[in-house]
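Could you walk me through this structure, stop by stop? I have it open in a viewer and would like to know what to select next and what is there.

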Amino acid sequence: MGIIELDTERSILRILAHIYLYGDAASPELARVVAEDIQDHWNEPRAKQRLNNIDHKVEFSIKGFYAPGLTEFDVLGNTDPLNNYFRIEEFAHGDISFVDGVGSNTGYFKLANLLNHSTTAAHEFGHTLGLDHPEVLDLRGRGTPGIMYPRGTLTDPPFQYDPSAAPGAVGGTMNPAFRKVHQEDIDLLQLERFNHNQRPVVLGDFSSIWHDRHFQ
Ligand SMILES: [Zn+2]
């Protein structure tokens with residue numbers, strides 16, 4: 001989740017969020033990388049939003065913090081809509097990373113999912129802002145997959161794990177590394193529905209769930 005700030009002078013709609021990482025695999029470096037990955041992916045389309053008949057640039061400003069001393073009380077008691085709390089561990093049940101719903105500010109990430117400029121953090125961040133998976137998960141003939149497509153989506157061969165695999169066979173589904181944020185993803189946020197004169201304008205919701213470490 002995050003907040004939206006309208007800069008009328010420069011015609012910018014800025015989405016701000018703070019990402020706090022805790023857990024045994026969290027680190028200052030990872031906090032920096034995760035925030036940068038989210039920011040870079042969401043700024044990539046250089047998206048625009050029309051407000052009051054003026055095109056506004058949509059700009060994401062994401063800051064990451066390593067929070068080794070974070071407590072359950074901090075997460076449950078938080079009332080600041082800027083703040084997101086993600087537990088990072090090498091092991092996760094079901095081998096997946098997740099956030100606590102569509103419109104949320106907490107989750108649990110498997111470390112391996114976040115390395116090598118992966119799109120996992122950017123995808124999960126989309127969920128926190130209120131975006132769900134698309135309904136149709138067959139993108140054949142439709143080019144680069146959008147950021148909110150889940151694992152298992154059918155794509156054109158260049159976007160598969162193995163371009164030579166048959167669609168739906170082993171290796172024949174979307175490699176999430178190829179997902180990109182498109183203008184359409186920004187459109188789905190419906191940024192025009194808010195009253196941008198009120199403070200704060202909140203995108204997403206509080207889930208405020210503390211996660212304990214998963215064990216094998
Ligand atoms: Zn998802």
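Start by selecting S104, in the loop between β6 and β7. Keep in mind along the way that this is a predicted model. Is S104 buried or exposed? Its relative accessibility is 0%, so S104 counts as buried. Now show what surrounds it: beyond its neighbours within four places in sequence, S104 is in contact with M1, N84, V99, H127, T128, D205 and S207. Look also for G101, whose backbone oxygen lies 2.9 Å from a polar atom of the S104 side chain.

G101 is worth a second click. It sits in the turn of the hairpin that β6 and β7 form, with six residues between the strands, and has a positive phi of about 120 degrees.

Next, select the two strands of that hairpin. β6 (residues 98–99) and β7 (residues 106–110) run antiparallel and are joined by two bridges. To find one pairing, pick V99, whose bridge partner in β7 is G107.

Stay on β7 and show its side chains. Side chains in a regular strand alternate between the two faces of the sheet. Here T106, Y108 and K110 point one way, G107 and F109 point the other way, and all are buried. With five of its five residues buried, β7 is largely enclosed by the rest of the structure. Add β5 (83–89) to the view: β5 and β7 pair in the parallel sense over five bridges. Within this pairing, R87 stands opposite Y108.

Now turn to the aromatic rings. How many aromatic pairs does the structure hold? There are seven. For one of them, select F98 and Y108, which are stacked, with 5.9 Å centre to centre and 5 degrees between the planes. F98 belongs to β6 and Y108 to β7, so this pair ties together parts that are 10 residues apart in sequence. F98 is partly exposed, at 22% relative accessible area, whereas Y108 is buried, at 0%.

For another arrangement, select F159 and F178. Their ring centres are 5.9 Å apart and their planes stand at 75 degrees, so this pair is edge-to-face. Both F159 and F178 are in the loop between α3 and α4, 19 residues apart. F159 is buried, with a relative accessible area of 16%, while F178 is partly exposed at 34%. Before moving on, highlight Y20, F65 and Y85, which ring pairs link into a cluster.

The next stop is α3 (120–128). Nine of its nine residues are buried, so α3 is largely enclosed by the rest of the structure. Among these buried residues are H123, E124, F125 and H127. Just after α3 comes G130, with a positive phi near 110 degrees.

Move to α1 (residues 28–43) and look along its length. Its 16 residues should span 22 Å at 1.5 Å a residue, and the end C-alpha atoms are 23 Å apart, which agrees. Which residues of α1 are buried? They are L30, A31, V34, A35, D37, I38, H41 and W42. These residues cover an arc of only 155 degrees around the axis, which puts them on the same side of α1. An α-helix has 3.6 residues a turn, so residues three or four places apart point the same way. Display β2, β4, β5, α3 and α4 (183–188) as well: the buried residues of α1 pack against them.

Two of those elements make the next selection. Strand β2 (residues 12–22) and strand β4 (residues 54–66) run parallel and are joined by 10 bridges. Find L13, which stands opposite V58 in β4. On β4 you can also pick up strand β3 (residues 48–51), which pairs with β4 in the antiparallel sense over four bridges. L51 has I54 as its bridge partner there. In the hairpin of β3 and β4, two residues lie between the strands, and N52 takes a positive phi near 50 degrees.

Finish on E59, in strand β4. It counts as partly exposed, at 21% relative accessibility. The E59 side chain makes a polar contact with the side chain of K57, at 3.3 Å. Setting aside its neighbours within four places in sequence, E59 is in contact with I12, L13, R14, I15 and N43.

Key: Residues numbered from 1 in each chain as written. Predicted model: local features only at pLDDT ≥ 70, side-chain atom pairs only at ≥ 80, totals over all residues. Heavy atoms only, no water. Pairing = 2+ DSSP bridges. Buried < 20%, exposed > 50% of the residue type's maximum accessible area, 1.4 Å probe, protein only. Contact = heavy atoms within 4.5 Å. Polar contact = N/O pair within 3.5 Å; in protein donor to acceptor, adjacent residues only side chain to side chain. Expected span 1.5 Å × (residues − 1). Arc of directions from axis to C-beta. Phe/Tyr/Trp six-rings, centres within 6.5 Å; stacked < 30°, edge-to-face > 60°.
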